[in-house]
Amino acid sequence: MIDDPLRLAVIVGSVRDGRLGPTVAAWFADQATARQDLDVDVIDLADVPLGAAAPSMSVPEPVLKALGELTPRLAAADAFVVVTPEYNHSYPAALKNAIDWHNQQFHAKPVAFVSFGGIAGGLRAVEHLRSVFAELHAVATRDTVSFHRAWECFDGNGQPKDPAGPAMAAETLLDQVSWWARVLRDAKAATPYIA
């Protein structure tokens, strides 16, 4: 048993009706919770009503309440896995809005990506997200999990029809994000990160 498990926030980036994101995120969270070195927190942005409010605007009360719940969860995380679809060669607006409300919560922490979409499997969304998280002083891991033609990949129980490849990719991703999370957590304990 690990005495100091890493806190991994799995962020579901899509909020559209009929979305596949919760299915993909639930499968991935199962992969992560099977490890003893991780404490997993699934954050579904559909449950965080930020609407179209932006950090530079007067903040409505429902948004303040949503941030009061979301921000501490992001701050507590040692690492992040963003589960994102690809919309028009990029990632969802709701995900960008949630990221834009936060900055220091991502500093010197690793971010990994699980993507899904059509033939590209959401990888173009991931490439856009890498540059956004670099601006937030986060470290993006190299390897991803991606589901190409995602609607054909899962069975009625929310499991991959061909589980071996995705499970291997998830293990590689989790090994990388865990390594970075532990190294960065230890480094910040010795020397605070200043952005």
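## Salt bridges and their network

Aspartate 143 and arginine 142 bring their side chains together in a salt bridge, with an N to O distance of 3.3 Å, in what is a predicted model. Of these two residues, aspartate 143 counts as partly exposed because its relative accessible area is 22%, whereas arginine 142, with a relative accessible area of 66%, is exposed. Elsewhere in the chain, Asp4, Arg7, Asp78, Arg182 and Arg185 are joined into one network by salt bridges that share partners. Over the whole structure, a search finds 13 salt bridges.

One of these pairs is formed by arginine 185 and aspartate 78, whose closest N and O atoms lie 3.4 Å apart. This pair links distant parts of the chain, since arginine 185 belongs to helix H5 while aspartate 78 sits in the loop between helix H2 (61-76) and S3, a separation of 107 residues. Arginine 185 and aspartate 78 are both buried.

## A salt bridge within helix H3

A further salt bridge joins the side chains of lysine 96 and aspartate 100, at 2.7 Å from N to O. Lysine 96 and aspartate 100 are four residues apart in helix H3, and therefore about one helical turn separates them. Aspartate 100 counts as partly exposed because its relative accessibility is 38%, and lysine 96, at a relative accessible area of 28%, is partly exposed as well. In general terms, side chains of opposite charge can pair when their charged atoms come close.

## Glutamate 86 in its loop

Glutamate 86 lies in the loop that runs between strand S3 (79-85) and helix H3 (93-100). With a relative accessibility of 16%, which is under the 20% limit, glutamate 86 counts as buried. The side chain of glutamate 86 makes a polar contact of 2.6 Å with the side chain of arginine 124. When residues up to four places away in sequence are not counted, glutamate 86 touches Phe116, Ala120, Gly122, Leu123, Arg124 and Ala125.

## Strands S1 and S2 and the helix between them

Strand S1 (residues 6-12) and strand S2 (residues 38-44) run parallel and are joined by seven bridges; valine 12, for instance, has aspartate 44 as its bridge partner in S2. Between these strands the chain passes through helix H1 (residues 21-33), and the resulting β-α-β crossover from S1 to S2 is right-handed.

The length of H1 can be checked against expectation: at 1.5 Å a residue its 13 residues should span 18 Å, and the end C-alpha atoms are 18 Å apart, which agrees. Within H1, the buried residues are Gly21, Val24, Ala25, Trp27, Phe28, Ala29 and Ala32. The elements that cover these buried residues include S1, S2, S3, strand S4 (110-117), strand S6 (145-148) and helix H5 (164-190).

## Leucine 173 in helix H5

Helix H5 contains leucine 173, which counts as buried because its relative accessibility is 0%. Leaving aside neighbours within four places in sequence, leucine 173 is in contact with Phe28, Val81, Ala112, Phe113, Val114, Asp143, Thr144 and Val145. Among these contacts, Phe28 is one of the buried residues of H1, and Asp143 is the residue whose side chain meets that of arginine 142 in a salt bridge. Leucine 173 and alanine 32 are 141 residues apart in sequence, while their C-alpha atoms are 9.9 Å apart in space; alanine 32 is itself among the buried residues of H1.

How values were computed
Residues are numbered from 1 along each chain as its sequence is written. This is a predicted model: local features need pLDDT of at least 70, side-chain atom pairs count only at pLDDT 80 or more; totals for chains, interfaces and linings use all residues. Side-chain values use heavy atoms; hydrogens and water are left out. Helices (H or I, at least four residues) and strands (E, at least two) are DSSP runs, numbered from the N terminus. Buried means under 20% relative accessible area, exposed over 50%, partly exposed in between (1.4 Å probe, protein chains only). A polar contact is a pair of N or O atoms within 3.5 Å; within protein, one must be able to donate a hydrogen and the other to accept it, and residues adjacent in sequence count only if both atoms are side-chain atoms. Contact means heavy atoms within 4.5 Å. Two strands pair if DSSP finds at least two bridges between them. A crossover is right-handed if, with the strands pointing away from the viewer, the path from the first strand over the helix to the second runs clockwise. The expected span of a helix is 1.5 Å times one less than its number of residues. A salt bridge is a side-chain nitrogen of Lys or Arg within 4 Å of a carboxyl oxygen of Asp or Glu.
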